[in-house]
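Please walk through the fold, the aromatic residues and the main pocket of this protein in order. The description should keep to what can be read from the coordinates.

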Amino acid sequence: MMACVALTSAYSPSDKSKLLVGKWVLIDLKTPSLENNFKASGLSLQKRTELMQAYVAGSYIEFRADGTYEVSILGSDPEVKYWKLSQDDSRLIVQKTPQSSIDEIELETLTKKELIMVLAPQNGEYVQLFFIPNKPE
């Protein structure tokens, strides 16, 4: 009887899922080559921050409790897709449609105040996306 209760609770929405639901605003993104370019150019941290904030302005991801999310990154048209968390809450499992193939995104950090996603290597490089909640403090 006890095992049945534990099994049932394992499939209920996790606290991490509840943390994720809502609108998140992209405030920064990093790739190794981008950071190397900034460093090589001698750009100050303040100037780097200003440039990246302007670059990512308007980018967001909004997770809904119904398992869908809307995303617009770097000026892309908003798209609605499907999401759920992996069983251990360490990865975001996303699909364009419920029937399409699954993509996984590593969640480096997920707290009430910060969401950091790591996209699988593109052209041999990972991409870190830094989000904050779109909620007035």
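Strands here are DSSP runs of E with at least two residues, helices are runs of H or I with at least four, and both are numbered from the N terminus. The model is a predicted one. With elements assigned in this way, the protein has four helices and eight strands. Along the sequence they follow the pattern α-α-β-α-α-β-β-β-β-β-β-β. Of the 137 residues, 33% count as buried. Among contacts between residues at least 6 apart in sequence, 41% join residues at least 24 apart.

The largest pocket is a suitable place to begin. Its volume is about 660 Å³, and its lining is made up of 28 residues. Those that lie nearest the centre of this pocket are Ile-73, Lys-81, Ile-105, Leu-119 and Leu-129. Two or more lining residues come from each of β3 (68-72), β4, β5 (91-95), β6 (103-110), β7 (115-122) and β8 (125-133). Strand β7 gives the largest share of the lining, four residues. Sorted by class, the lining of the largest pocket has 17 nonpolar, six polar and five charged residues.

The aromatic residues come next. The structure holds two aromatic pairs. In one pair, the ring centres of Phe-63 and Trp-83 are 5.2 Å apart and the planes stand at 75 degrees, so the arrangement is edge-to-face; the cut-off for that class is an angle over 60 degrees. This pair links distant parts of the chain, since Phe-63 belongs to strand β2 (residues 60-63) and Trp-83 to strand β4 (residues 79-85), 20 residues apart. Both partners are on the buried side of the 20% limit. Phe-63 has a relative accessible area of 1% and is therefore buried, and Trp-83 counts as buried because its relative accessibility is 10%. Tyr-69 joins Phe-63 and Trp-83 in one aromatic cluster.

Another tyrosine takes part in a contact with a charge. Lys-23 lies over the face of Tyr-60, at 4.4 Å from the ring centre.

Two further residues can be placed relative to Trp-83. Which residues does Ser-17 touch, not counting residues up to four places away in sequence? Ser-17 is in helix α2 (residues 15-20), and it touches Trp-83 and Leu-85. With 15% relative accessibility, Ser-17 counts as buried. Asp-66 is placed in the loop between β2 and β3. The C-alpha atoms of Asp-66 and Trp-83 are separated by 9.0 Å, and the two residues are 17 residues apart along the chain. Is Asp-66 buried or exposed? Asp-66 counts as exposed because its relative accessibility is 59%, and the limit for that class is over 50%.

A second loop position is Ser-101, in the loop between β5 and β6. Ser-101 has 58% relative accessibility and so counts as exposed. Leaving aside neighbours within four places in sequence, Ser-101 is in contact with Val-94 and Gln-95.

How values were computed: Residues numbered from 1 in each chain as written. Predicted model: local features only at pLDDT ≥ 70, side-chain atom pairs only at ≥ 80, totals over all residues. Heavy atoms only, no water. Phe/Tyr/Trp six-rings, centres within 6.5 Å; stacked < 30°, edge-to-face > 60°. Buried < 20%, exposed > 50% of the residue type's maximum accessible area, 1.4 Å probe, protein only. Lys NZ or Arg CZ within 6 Å of the ring centre and 35° of its normal. 1 Å grid on protein atoms, 1.4 Å probe; cavity = no way out; pocket = protein on both sides within 12 Å on 5 of 7 lines; lining within 4 Å. Points joined across faces, edges and corners; volume = space filled by probe spheres on them. Nonpolar A, V, L, I, M, F, W, Y, C, P; charged D, E, K, R; others polar. Contact = heavy atoms within 4.5 Å.
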